[in-house]
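Visitor: Could you take me on a close look at how oppositely charged side chains pair up here? I would like to know where the partners sit and how much of each is covered.

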Amino acid sequence: MKNMPVNSEELTHSTKKFPINFKELEQIISKYPTPFYIYDEKAIRENIRRLYKAFSWNTGFREYFAVKSAPNPFILNAFKEEHCGVDCASLTELILADSCGFSGDDIMFTSNVTTKEEFMKAKSLDAIINLDDYSHIDYLQNCAGIPELVCLRLNPDCTITYQDNIILDYKNYKFGFTEDAFIEGIKLLKTKGARRFGLHCQFGSHRREAEYFGDNARLVFKKAVEISTLAGITLEFINLAGGIGIPYKEDSPADIEAISWHIKAAYDEVLGTAGLTSLPLYLELGIFMTGPYGYFVSSVLHVKETVKTFLGLDASTNCFMSPLRYSNYYHITAAGKEKEEPNQVYDITGALCENRDKFAIDYHLPRMKPGDVLIFHDAGAYTYAHSHNFNGKLRPAELLLCTDGSVKQIRRAESTADYFATLDYPIKSR
Ligand SMILES: Cc1ncc(COP(=O)(O)O)c(C=O)c1O
C-alpha cells in the first residue's frame with residue numbers, strides 16, 4: 001500500500017550511527033523516560049558551517065532555517081549563533097522567532113493565506129515579508145502598511161521535470177505570483193512606497209542531485225532577470241527556499257558542495273551575464289539542516305504473536321507522523337544489540353486504534369523483548385512538528401545532546417492536563 005512503511009530487507013548494512021553509546025543512552029533514559037526525540041547539536045552546527053562554506057563564493061549568502069521543520073527555540077538558538085535567519089510561516093512561528101531574538105532581516109516571513117494578525121506581527125518585527133499574491137498587497141497595506149523592502153514569491157507556471165519525471169507541477173501550485181502578476185505587483189508596491197525587492201521561488205522537493213539544483217536555479221535566475229528588466233528594478237536577493245532532501249534508506253547524502261557549484265555555474269552564466277554579479281542568494285532549508293541529526297527513541301512495551309509478530313512500542317505514530325508523510329522507510333537500530341543478527345521479522349506498531357499506526361512493516365531486527373529500546377534515525381525534521389493527539393495520545397519530550405556532550409530536556413512530554421487545557425469543561429484529574 002502506498003505510503004505504508006516498508007520493510008528493512010533491502011538495507012542490511014547501514015552506516016547510520018547514533019552519536020552516543022548504549023550505556024550513555026541508558027543513563028539518559030533513567031532520567032528522561034522514553035519516548036523522546038534527541039537532537040545532536042554538534043552535528044547540526046557542523047552541517048550549518050559546511051553549508052556556509054559551500055556557498056562562501058556568494059557574498060551575502062544566508063540560510064533562513066525553516067522553523068516549521070523543527071520548531072524548538074533551543075534549536076533555533078543554535079541557528080542564530082551560526083548566523084542563520086529563520087523562515088516563518090505563521091503567527092506562532094513569528095512569536096517563537098521573536099522570543100529567540102530574531103528580528104528585522106533575520107526573519108523571512110514566507111506565509112500564504114495570511115491573516116491580519118500575522119502581517120501585523122511580521123511588520124512589527126521588521127521581518128522581510130514574502131508576499132504570496134497580488135491581492136495581498138492592499139490587504140497588507142490596510143492592516144500593517146507596506147514596508148520599504150518586500151519579497152514576492154514566484155510561481156514560474158511551468159512543470160519541473162528531472163530525468164523525465166515530473167517533480168513539481170506549478171500548474172497546480174497554490175503558492176506565489178505568476179510572472180505577469182509579479183511584475184504588476186512590483187509596480188503597485190512601488191506606488192505604495194516599497195523601494196527594495198526580493199524574489200522567492202521554491203523548486204526543490206526532497207531532491208539530492210546537484211544538476212537538479214543547477215538546472216532549476218538557472219530557470220529561476222532567467223525569470224529573475226526578465227522580471228527585473230520588465231519591472232524596472234534591481235533585485236536585492238533571490239531566495240531559492242528549501243527542498244534539499246536526505247537519504248532515509250540509502251547512504252548517499254546530498255553533496256552540498258556540488259549543489260552549490262552547480263548553482264554557481266548557473267549564477268555566473270545568467271546573472272553574471274546580466275551584470276548582477278553580487279546578488280545575495282538565500283535558502284530556507286529545513287530537512288537538510290536537522291533531519292539526519294535527530295533521533296526518535298522508544299521502548300518495546302509488548303511483543304505480540306498472532307498473524308505476525310508485533311512489537312508494540314511505548315509511542316504511537318501520533319508522535320512520529322512522518323512514516324506516513326515524508327518517507328516510508330526509517331532506519332531503526334535496536335539499541336545495545338547492534339552486533340546481534342537481525343534474524344527476526346516484526347511489524348513495529350503504536351497503540352492507536354488505526355491499523356496504519358505502524359512505524360515499520362516486516363522489519364528485520366534481532367530478537368526483541370519488552371523494555372528493549374529502538375532508535376529511529378533521520379527523525380530531526382517534520383517529525384515532532386507533525387505530531388498530534390489522535391486517540392488522546394500525548395506528544396513526547398524533546399532532548400538536546402549539547403555540543404559539550406551533556407543532555408538537556410528542551411521540551412517536556414505533554415501531560416493529560418495539556419491535552420484537556422482547551423476544553424471549557426470541568427475535567428477530573430487522574
Ligand atoms: C516556503 C518554504 N520554504 C522552505 C521549506 C523547507 O523545505 P525543506 O524542509 O524541504 O528544505 C518549505 C517546506 O515546506 C517551504 O514551503
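Guide: Happily, and let us begin with how elements are named: helices (H or I, at least four residues) and strands (E, at least two) are DSSP runs, numbered from the N terminus. This is a predicted model, where local features need pLDDT of at least 70 and side-chain atom pairs count only at pLDDT 80 or more, while totals for chains, interfaces and linings use all residues. Residues are numbered from 1 along each chain as its sequence is written, and side-chain values use heavy atoms, with hydrogens and water left out.

Side chains of opposite charge can pair when their charged atoms come close. The structure holds 28 salt bridges, each being a side-chain nitrogen of Lys or Arg within 4 Å of a carboxyl oxygen of Asp or Glu.

Let us start with R45, whose side chain meets that of E81 in a salt bridge with an N to O distance of 2.5 Å. This pair ties together distant parts of the chain, since R45 belongs to helix 2 (residues 41-54) and E81 to helix 3 (residues 73-81), 36 residues apart. R45 has a relative accessible area of 11%, so it counts as buried (under 20% is buried, over 50% exposed, and in between partly exposed, with a 1.4 Å probe and protein chains only).

Helix 2 also carries R49. In the salt bridge between R49 and E82, the closest N and O atoms are 2.6 Å apart. Here too distant parts of the chain are linked: E82 lies in the loop between helix 3 and strand 3 (85-88), 33 residues from R49. R49 is partly exposed because its relative accessibility is 48%, whereas E82, at 9%, is buried.

Now for another pair, D157 and K171, whose side chains form a salt bridge at 3.4 Å, N to O. D157 is in the loop between strand 6 (149-153) and strand 7, and K171 is in the loop between strand 8 and helix 7 (179-191); the two are 14 residues apart and again link distant parts of the chain. With a relative accessible area of 41%, D157 counts as partly exposed, while K171 reaches 53% and is therefore exposed.

Returning to R45 and R49, we can put the picture together: E41, R45, R49, E81 and E82 are joined into one network by salt bridges that share partners. Within that network, the partners of the two arginines that we followed are E81 for R45 and E82 for R49.
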